[in-house]
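Grab a viewer and work through a few exercises on strands, salt bridges and one loop residue. Each task comes with a solution you can follow step by step.

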Amino acid sequence: LAQASNKFRVVRVVAQCGTFKMPAICGQTCAPGLTFATGGSLQRAPKEHGIHRFWGLSSALPNPAASIERIAGHQGDGLRLQSRLSLVALAAAGMATAKRVKRQHVKQGRVSPAPPVPGSIPRPWEVGPGQKTSPVEGFPDHKYSIFRTDDTSIEIKSADDIQRMRAAGALAREALQVGGRAVAPGVTTREVDEAVHNFVVSRGAYPSPLGYLGYPRATCTSVNDVMFHGYPDDRPLEASDIVNLDVTVYLDGFHGDTSSMFFAGRPRKSAYLLCEVAERARDAGIAVCGPGVDFREIGKAIQGVADEANYDNFPMAHGHGIGSYFHGRPQVEHVRSTKDVGLMRPGMTFTIEPVLIEQKNAEWEMLGDDPWIVRARSAAWSAQFEHTILITDTGHQVLTGPSVDYKALAKESLQAVANSGDEGPAK
């Protein structure tokens, strides 16, 4: 028996119980290996059944028979459960919690001009003279642009290119950790952005988003219901806010791109679970990568995780090719797709960055006339994690790894507050 919450349990049947039926899960007969959910108290069934009878079967999962039995097949005896199943249970419990919370759109603050970048630091060609200044104009054009129709090939990086991409990816990961450490209640996302900005330029690199298609700052900071491209502004983060910090750096002619969620103070259970599943969805997409693999396998893997947890998988969030250009081929679908973009080959580099939303079939909207900020119309919260991936001869490498331990950073922040005796800003 895995205790996921005081209202949700996951159970694995470990012995045959004859013809005993469980109507709450489509009338299936109990059998060894069947897994189901219950939200009621427990009572032992007659001894000859060899199992416990459970009352008050939960409807926290939309179809427990289809959703949970599909991922059964655990190793070990008794009621030991794999962490994968436990996570699905936790996510389902979190969904029930989320539905009871009335969400409101996060208030946007004032966006100020970014700090300067020293003239000695090389700029990406995408922000040079004559380049496009708004997303409505489309992406900058180059040989591997996703909008080219005369050539659909995907770039294979040289050994030298790969070494430089490793350096850019490693620096992006360092910068992400710097920004994550700055996230706390009372801190503005502008201050988080400036911490990253100053770190990146101190290492002789350029913050890639700054000036790209007119973007005003060094990073994207998407809070709560903002799915992506949130502007760093002067709104102080509130206790229990969640923040996606998206960092891209341009170093020695190449970009490295990564993002992670971070907690401002102690998160709500529903937000914590949403972030856990979103990270796991990204990692599932990465896990299938390797030479000869169809790019569509990434979306299948991600969608499977989202479906099991009953979260929405935002279809307009795409991964992308990356290198000397910020965005290029392939366009990586994070949902199940029939679009064929080819097979992975050694030397290809691209990002995987799905967005999961706590509400199924969530509608989205742009923030007024702004060309960047995308949010859930219902104010449902979302979570996103991102890595830059290299395909190798034998599998793949995460160029922006290892993942930043956002949970550990939150614990450090809470401990620092406790040691100072400061309970933080009043809500």
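Before we start, one term: two strands count as paired if DSSP finds at least two bridges between them. Also keep in mind that this is a predicted model.

**Exercise 1. Work out how strand 11 pairs with strand 12, and what sits in the turn between them.**

Step 1: Count the bridges. Strand 11 and strand 12 are joined by ten bridges and run antiparallel.

Step 2: Look at the connection. The two strands form a hairpin, with two residues between them. Asp252 is in that turn and has a positive phi of about 55°.

Step 3: Pick a pair to check the register. Tyr250 stands opposite His255 in strand 12.

Step 4: Follow His255 a bit further. Strand 12 covers residues 254-263, and His255 counts as buried because its relative accessibility is 0%. The His255 side chain also makes a polar contact with the side chain of Ser208, at 2.8 Å.

Step 5: Come back to Asp252 for a second role. Asp252 is linked with Asp160, Asp161 and Arg164 in a network of salt bridges.

**Exercise 2. Find the other partners of strand 11 and decide whether its two faces are covered or not.**

Step 1: Start with strand 8 (residues 206-207). Two bridges join strand 8 to strand 11, and the pair runs antiparallel. Tyr206 has Tyr250 as its bridge partner in strand 11.

Step 2: Move on to strand 9 (residues 220-223), which pairs with strand 11 over four bridges, again in the antiparallel sense. Here Ser222 stands opposite Asn244.

Step 3: Check burial along the strand. Strand 11 spans residues 242-251, and ten of its ten residues are buried.

Step 4: Split them by face. One side holds Ile242, Asn244, Asp246, Thr248 and Tyr250. The other side holds Val243, Leu245, Val247, Val249 and Leu251. Residues on both sides are all buried, and both faces are therefore covered.

**Exercise 3. For the sheet with the order 13-17-20, say which strands stand at the edges.**

Step 1: Read the order. This is an open sheet of three strands with antiparallel pairing.

Step 2: Find the edges. Strand 13 (312-313) and strand 20 (382-384) each have a single partner strand, so one side of each is left without a neighbour in the sheet.

Step 3: Check one of the pairings. Three bridges join strand 17 (residues 355-357) to strand 20, and Val355 has Gln384 as its bridge partner.

**Exercise 4. Say which parts of the chain the salt bridge between Lys407 and Glu276 ties together.**

Step 1: Recall the basic idea. Side chains of opposite charge can pair when their charged atoms come close.

Step 2: Get the distance. The closest N and O atoms of Lys407 and Glu276 are 2.6 Å apart.

Step 3: Locate both ends. Lys407 lies in helix 7 (residues 406-420) and Glu276 in helix 5 (residues 269-287), so the bridge ties together parts that are 131 residues apart in sequence.

Step 4: Compare exposure. Lys407 counts as partly exposed because its relative accessibility is 22%, while Glu276, at 17%, counts as buried.

Step 5: Put this pair in context. A search of the whole structure finds 26 salt bridges.

**Exercise 5. Arg296 meets Asp294 and also Asp340; describe both salt bridges.**

Step 1: Take Asp294. Its salt bridge with Arg296 is 2.8 Å, N to O. Asp294 is buried, with a relative accessible area of 17%, and Arg296 is partly exposed, at 24%.

Step 2: Take Asp340, which meets Arg296 at 3.9 Å, N to O. Does that still count? The cut-off is 4 Å, and the pair is a salt bridge.

Step 3: Place the ends. Asp340 lies in the loop between strand 15 (328-332) and strand 16 (349-352) and Arg296 in helix 6 (residues 296-309), so the pair ties together parts that are 44 residues apart in sequence. Asp340 is exposed, with a relative accessible area of 54%.

**Exercise 6. Describe the surroundings of Gln108.**

Step 1: Gln108 is in the loop between helix 2 (83-100) and helix 3 (159-182), and at 29% relative accessibility counts as partly exposed.

Step 2: Leaving aside neighbours within four places in sequence, Gln108 is in contact with Val226, Asp233, Leu367 and Ile373.

Step 3: The Gln108 side chain reaches the backbone oxygen of Val106 at 3.3 Å.

Terms used. Residues numbered from 1 in each chain as written. Predicted model: local features only at pLDDT ≥ 70, side-chain atom pairs only at ≥ 80, totals over all residues. Heavy atoms only, no water. Buried < 20%, exposed > 50% of the residue type's maximum accessible area, 1.4 Å probe, protein only. Polar contact = N/O pair within 3.5 Å; in protein donor to acceptor, adjacent residues only side chain to side chain. Salt bridge = Lys/Arg side-chain N within 4 Å of Asp/Glu carboxyl O. Contact = heavy atoms within 4.5 Å.
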